[in-house]
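Please follow the chain below from one loop residue outward to the cores, sheets and loops around it.

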Amino acid sequence: MSEAVQNQEVQLEIAPASGRIGAEVRGIKLSVSLQGDELKAIEEALLSYKVLFFRGQSHLDDAGQEAFAKLLGDLYAHPTVPVKNGTNAVLELDSEHGGRANSWHTDVTFVDAYPKASVLRAVVVPPAGGDTVWANTAAAYNDLTPELQELANSLRAIHSNAYDYAAVRRDATAEQIRRHREVFASTVYETEHPVVRVHPETGERHLLLGHFVKRIAGFKTPDSDRLLAILQEHVTRLENTVRWRWSPGDVVIWDNRATQHYAVNDYGSQHRVVRRVTVAGDVPVGLDGRRSRVIQPAPLEEEQEKVS
């Protein structure tokens, strides 16, 4: 059942896609020419549903996708992976060139001000498989017992792009592992984030986890691993997720501060290409008011102190 969501003079036809996260927005054409009220209605729906699905957007090319994404904020280029030729911020994920991220993650959390939103466009879709699943990290936090919430509120976690790719991708080829090391992890980033971040627009509390987490600060590895497993399990409980079956021309926008996602690698040798543009975000703040902290590369002021 769809519902009309009204913002001033604009009504969006929205069909919730699951009970806790995600909605399909119908009858709208994404482009740089969207009016202010239309854009505001989309942004408000995104904060509410966390993930928005738009079918039938085949009119968008790379330039159009970039131009639309820029309406949502400044664009963010990945710190290590080069953008697609001829674009400023389009990251192409091609299954034939290592573009299979089949693990739960929030995009680019190994830096401090990681993206606030992503705009993903389907270009080539396999006839079966290749779905993407998103999880609501606020619902996951709300599901914790008060005792677990209190513990999580006090934790900090180290995120890095130098994670064990072979362990996460157990089917990875030697070439894919080499590419990960030489491209994705060509510069090693480490950032300490609060495990519970406060959303800067909604005030909701979210679990900030995913496969870029190396460890919880201050804990020995076995204890850190157990704690991470407990908290991550709450994120990926089925009732906190929504799954999308792609068609060519689909566009999905998600709040990267409020979600994790998983691209399901179940399509074998079939070809899959999606292109992503991300929108710049802010530095997370924990419940204690402490901001995320860059560890590596060393912040500029630390490098200057070493030189002097």
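Lys50 sits in the loop between α1 and β4, where helices (H or I, at least four residues) and strands (E, at least two) are DSSP runs numbered from the N terminus. Although Lys50 is not a glycine, its phi is positive, at about 75°. Lys50 is also buried, with a relative accessible area of 5%; buried means under 20% relative accessible area, exposed over 50%, and partly exposed in between, computed with a 1.4 Å probe on protein chains only. The model is a predicted one, in which local features need pLDDT of at least 70 and side-chain atom pairs count only at pLDDT 80 or more, while totals for chains, interfaces and linings use all residues. Residues are numbered from 1 along each chain as its sequence is written, and side-chain values use heavy atoms, with hydrogens and water left out.

The loop that holds Lys50 belongs to a longer path. The chain crosses from β3 through α1 to β4, and this β-α-β crossover is right-handed, a term that applies if, with the strands pointing away from the viewer, the path from the first strand over the helix to the second runs clockwise. Two bridges pair β3 with β4 in the parallel sense; strands are said to pair if DSSP finds at least two bridges between them. Within this pairing, Glu24 has Phe53 of β4 as its bridge partner.

What lies around these elements? The largest nonpolar core has 27 residues, and those with the most contacts inside it are Leu12, Leu30, Ile42, Leu52, Phe54 and Ile253. Such a core is a set of buried Ala, Val, Leu, Ile, Met, Phe, Trp, Tyr and Cys residues joined through side-chain atoms within 4.5 Å. Two or more residues each are given to this core by β2 (10-16), β3 (23-26), α1 (36-49), β4 (51-54), α2, β7, β15 and β17. The largest share, six residues, comes from α1. Leu52 illustrates how these elements meet: leaving aside residues up to four places away in sequence, Leu52 touches Ala23, Val25, Ile42, Ala45, Leu46, Val251, Val252 and Ile253, a contact being heavy atoms within 4.5 Å. A second, separate core has 20 residues, among them Leu207, Leu228, Leu231 and Val264.

Helix α2, one of the contributors to the largest core, spans residues 62-70, and its buried residues are Asp62, Gly64, Gln65, Glu66, Phe68 and Ala69. Their cover includes β5 (75-76), β7 (117-124), β15 (251-255) and β17 (273-279). At the N-terminal end of α2, Asp61 acts as a cap, with a side-chain oxygen 3.3 Å from the backbone nitrogen of Ala63.

A further group of strands forms an open sheet of three, in the order β14-β8-β16, with antiparallel pairing. The edges are held by β14 (241-244) and β16 (259-263), each with a single partner strand, so one side of each is left without a neighbour in the sheet. Neighbouring strands of this sheet are turned by 20° against each other on average, direction ignored; the axes behind such angles are lines fitted to C-alpha atoms, for helices over the stretch in contact, and angles run from 0 to 180 degrees between N-to-C directions. Strand β8 (residues 132-136) is joined to β14 by four bridges, and Thr132 stands opposite Trp244 in β14. Five bridges join β8 to β16, where Asn136 has Thr259 as its bridge partner. Four of the five residues of β16 are buried, so this strand is largely enclosed by the rest of the structure.

Several other loop residues deserve attention. His78, in the loop between β5 and β6 (91-94), is buried with a relative accessible area of 14%. A polar atom of the His78 side chain lies 3.1 Å from the backbone nitrogen of Thr80, and one also lies 3.1 Å from the backbone nitrogen of Val81. Val108 lies in the loop between β6 and β7; its phi is near 60°, a positive value in a residue other than glycine, and Val108 is buried with a relative accessible area of 4%. In the loop between β18 (293-296) and α8 (300-307) is Pro297, and the peptide bond from Gln296 to Pro297 is cis, with omega near -10°.

Taken as a whole, the protein chain has eight helices and 18 strands. Of its 308 residues, 51% count as buried.

Terms used. A polar contact is a pair of N or O atoms within 3.5 Å; within protein, one must be able to donate a hydrogen and the other to accept it, and residues adjacent in sequence count only if both atoms are side-chain atoms.
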